[in-house]
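Colleague: Could you walk me through the side-chain contacts in this model, beginning with the aromatic rings? I would love one connected account, with each rule spelled out as you go.

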Amino acid sequence: MTFYLSLNSIYFFVALLILARADFYDDLGISRKATLKEIKKAYRSKSLEFHPDKNKAEGAADKFGEISRAYEVLSDEEKRQIYDERGEEGLKRHEDGGGGFGGGGGFDDIFSHFGFGGRQRQDDGVQRTPSVEIPLRLTLQQMYEGVELEVDYVRQTLCMNWEMCMKTSKECQGPGVKVKMQQIAPGFVQQVQQRDNNCVARGKMWKPNCRDCPKGKTQPEKISLSVEVTPGMRAGERVSFESVADEKPGMEAGDLHFVILQVDVNPVLFTRDGDRLYKTMEIPLVDALVGFKRTLEHLDGHKFTIQVDKVTECDHVMRVPGKGMPRRSGRGFGDLYLTFEIDFPEELSAEQKAGINKILRGDVKDEL
C-alpha cells in the first residue's frame, strides 16, 4: 500500500517538529512581549546560575548553551522576528543562507528531518576573540596533592546596551572588515577590502559616540574562577575555561588557559620526570658497607621506610615502587628512584686502619 503526503500535511508535520523543540523565551523565562532590557536582565541572571564554572550539576553546561543560544537570537531584532514568524527551523534556514521554503535549503532541510536525505549544515564561520594564556606557578607538592585555587580575572565585556549602538552597513563584511567598490577605469570597478574597526559583524557597524555606551564597546569586569589542578598534572598542561576571554561585538569570546609552570626545582628534595620521582641521598661509608634503614618524608608529609641489606656501590640506584607521582589516569602512582652517594671519611686514624685491615684482610699484617 502506498501513502501520499499533501503539502498541507508536510506543513503540519514541520509545525509539530518546531513546537516539540525548546522555546527560546522559556529558556530565558520571559514572555514573548519582553523588551530588550528584560531579555538582557534575564540572560545575565540565567547565565550566572548555569555557568559551568559555577554550576557543576549534571546538565548545567547544556543548559548554559541553550540560554546563550536563546539570548543570541532574541537580542538580535532581525533573528527574533524570523524566529517569531517561522520558528527555530526557519531561523536555521535563514542562517544557512536560505529564506523560507524556497531558495537554498528549502525542502531538503525539511525532508532531512524525516530521513529523506538533505544537505548538511555548513560552518557558520563565527569569529572569536584571541584566547589568553596565563602561567600558573605551582610547587611540585601542589601537583602531587592537587589543589583548587581561586583566581580573579579581569576581562573586557560588552556594554550592556551595545546592540543599541549598531547600525546597518552593507560595506561591513565581518568584524573589522569593510569592502568598497572602487573605480579603476571607465567601466571598470574592483572590490577593495579595508580594515575598519567600526565594522563589528556582517552588515553591522558601530555608531561612534553612542549615548547608550558612553564608555565604548566594552568595559572591564572582574570574575572569580576556581582553577582545579588534579593530582599528577604536569608542567605545560592547561586548565581551560571556554568563552571567558575578552568580548567584542560580533565575535564570540575566546578561551582562557592557565598553563602550569613548576617553580621549585630543587634536587635536594625531589625531581620529576613524568610519573617518576628522583632523589639523591648521601650515606656514610659504614652504611654502604653494612646496610642501613632510613625513614623518608614524601611531598605530602607522609613517611615511609627504605631498607638496604647489601653493600651499596657509589651512584647505585634503588627503585621504590609506588612512591612516585600520581598517575594522570588516576590508577596508582609511579616509582621513586633513589641514587646513593657515599660519603668517604677525609682521613682515618692508625687504629681505624688496623681495624679495617683486620676485618677485610683477615690475618694480613698491617704494613702501615
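Modeller: Happy to! Rings of Phe, Tyr and Trp (its six-membered ring) are paired if their centres lie within 6.5 Å; planes under 30 degrees apart are called stacked, those over 60 edge-to-face, and the rest tilted. The model is a predicted one, in which local features need pLDDT of at least 70 and side-chain atom pairs count only at pLDDT 80 or more, while totals for chains, interfaces and linings use all residues. Numbering starts from 1 along each chain as its sequence is written, and side-chain values use heavy atoms, with hydrogens and water left out.

Under the ring rule there are 7 aromatic pairs. One of them joins Tyr25 and Tyr83: the ring centres are 6.2 Å apart and the planes meet at 40°, so this pair is tilted. Tyr25 belongs to helix H2 (residues 24-28) and Tyr83 to helix H5 (residues 77-95), so the contact ties together parts 58 residues apart in sequence. Helices here are DSSP runs of H or I with at least four residues, strands are runs of E with at least two, and both are numbered from the N terminus. Tyr25 and Tyr83 are both buried; that word means under 20% relative accessible area, with exposed meaning over 50% and partly exposed anything in between (1.4 Å probe, protein chains only).

Compare the pair of Tyr278 and Tyr337: with centres 5.4 Å apart and planes at 20°, this pair is stacked. Here, too, distant parts of the chain are linked, since Tyr278 sits in strand S11 (residues 276-284) and Tyr337 in strand S15, 59 residues apart. Tyr278 is partly exposed, at a relative accessible area of 30%. Returning to helix H2, Phe24, Tyr25 and Tyr83 make up one aromatic cluster. Asp26 is also in helix H2, but with 59% relative accessibility Asp26 counts as exposed.

Now to the charged contacts. A salt bridge is a side-chain nitrogen of Lys or Arg within 4 Å of a carboxyl oxygen of Asp or Glu, and there are 20 salt bridges by that rule. Glu72 takes part in two contacts described here: one with Arg69 at 3.4 Å, N to O, and one with Lys79 at 3.2 Å, N to O. Arg69 and Glu72 are 3 residues apart in helix H4 (residues 60-74), which means that about one helical turn separates them. Glu72 is partly exposed, at 37% relative accessibility.

Arg319 bridges to Asp335, with the closest N and O atoms 3.0 Å apart. This contact links distant parts of the chain: Arg319 is in strand S14 (residues 316-320), and Asp335 is 16 residues away, in the loop between S14 and S15. The partners differ in cover, as Arg319 is partly exposed with a relative accessible area of 46%, whereas Asp335 is buried at 16%. Elsewhere, Asp23, Arg32 and Asp84 are connected in a network of salt bridges.

And on Glu346? This residue lies in the loop between strand S15 (336-343) and helix H9 (350-361), and at 85% relative accessibility Glu346 is exposed.
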